[in-house]
Amino acid sequence: MKSTTRGTLAAVVTGVAAAVASAAPAAAVGTVPVPVPLDGVEKSLNIELPKLGGEIPVPMPGAPEGPRYVEGRLIPERVIPQLPVTGGLPGVGLRAPLPHILGDDFDHVGVNAPASDLRTLAPGLTLDAPLTPPNPENFGLPELKLPEAGVLAPVVQTVTGADLVAGPGL
C-alpha cells in the first residue's frame, strides 16, 4: 500500500472515530445545557453579575403497548394504545451576589433546580363490539349485548427538587 493511501486511510479512520466519539455523549444525554453568557457585560461594567444557566430536556417517544386480546371480546382491549413519552422538566441554575444583607458570611445566593425526569402516557381508547363471541349453544351465532367504550386517562409522573444555598463566594 502506498504511503499516500495509508495516510488517507488513517485520516478517514481518525475522522470517523472523532465523529463517533463526539456523537456518543450527545445521544446518551437526556438534556441540552443552555448557558446564558453574561461575562462580557460583567467585564465591561466591572461588576459581578448573576451566573445563569439551564437545561432543556429532550423528549423521547417510546413504544406503545400493543393491543391485548382478552377472552370473550371480539375487539382487542386497547384499540388506540397509549403512547409513552419520556423527557423531563427543564432545569435552572442561578448564582447571584448579595449586598451583605444577611451579614458578611452570606454574600452569594444560589438556586439549583436540576432537570427532572417526566413520564407521560397519552390518552387511549378501548372498545368492544355489541356482539358476543360465537355461542355453540346458539348454533355458533353471536348474541347481542351492549357496546362498550372507554377512554384511558393520560398519565403524568415526575419528582422535582431544588436546592437553595447562601454563603460566601459560592
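1. In strand E7, the residue that bridges to Leu89 is Ser116. These two residues belong to a longer pairing, since strand E7 (residues 116-121) and E4 are joined by 6 bridges and run antiparallel. Two strands are said to pair here if DSSP finds at least two bridges between them, and the strands themselves (E, at least two residues), like the helices (H or I, at least four residues), are DSSP runs numbered from the N terminus.

2. Please keep in mind that this is a predicted model, in which local features need pLDDT of at least 70 and side-chain atom pairs count only at pLDDT 80 or more, while totals for chains, interfaces and linings use all residues. Residues are numbered from 1 along each chain as its sequence is written, and side-chain values use heavy atoms, with hydrogens and water left out.

3. Strand E4 (residues 84-89) also pairs with strand E3 (residues 60-61), in the antiparallel sense and over 2 bridges. Within that pairing, Pro61 has Val85 of E4 as its bridge partner.

4. Which strands form the open sheet, and in what order? There are 5 of them, in the order E1-E2-E5-E6-E11, and their pairing is antiparallel. Strand E1 (31-36) and strand E11 (163-167) are the edge strands, each pairing on one side only. From one strand to the next the twist averages 10 degrees, where axes are lines fitted to C-alpha atoms and angles run from 0 to 180 degrees between N-to-C directions.

5. At the E11 edge, strand E6 (residues 108-113) is joined to E11 by 5 bridges, and the two run antiparallel. One of the bridge partners in E11 is Asp163, which is matched with Asn112.

6. Leu164 lies in strand E11 and is exposed, with a relative accessible area of 65%; exposed means over 50%, buried under 20%, and partly exposed in between (1.4 Å probe, protein chains only). Together with Val36, Leu52, Val92, Leu94 and Val111, Leu164 forms a nonpolar patch on the surface, with about 450 Å² of accessible area together. Patches are made of residues with over 30% relative accessible area and no salt bridge, with nonpolar side chains joined within 5 Å and like charges within 9 Å; a salt bridge is a side-chain nitrogen of Lys or Arg within 4 Å of a carboxyl oxygen of Asp or Glu.

7. Turning to the whole chain, the protein has 2 helices and 11 strands, and buried residues make up 16% of its 170 residues.

Definitions and conventions. Accessible areas come from the Shrake-Rupley method with a 1.4 Å probe; for residues, only the protein chains shown count as cover.
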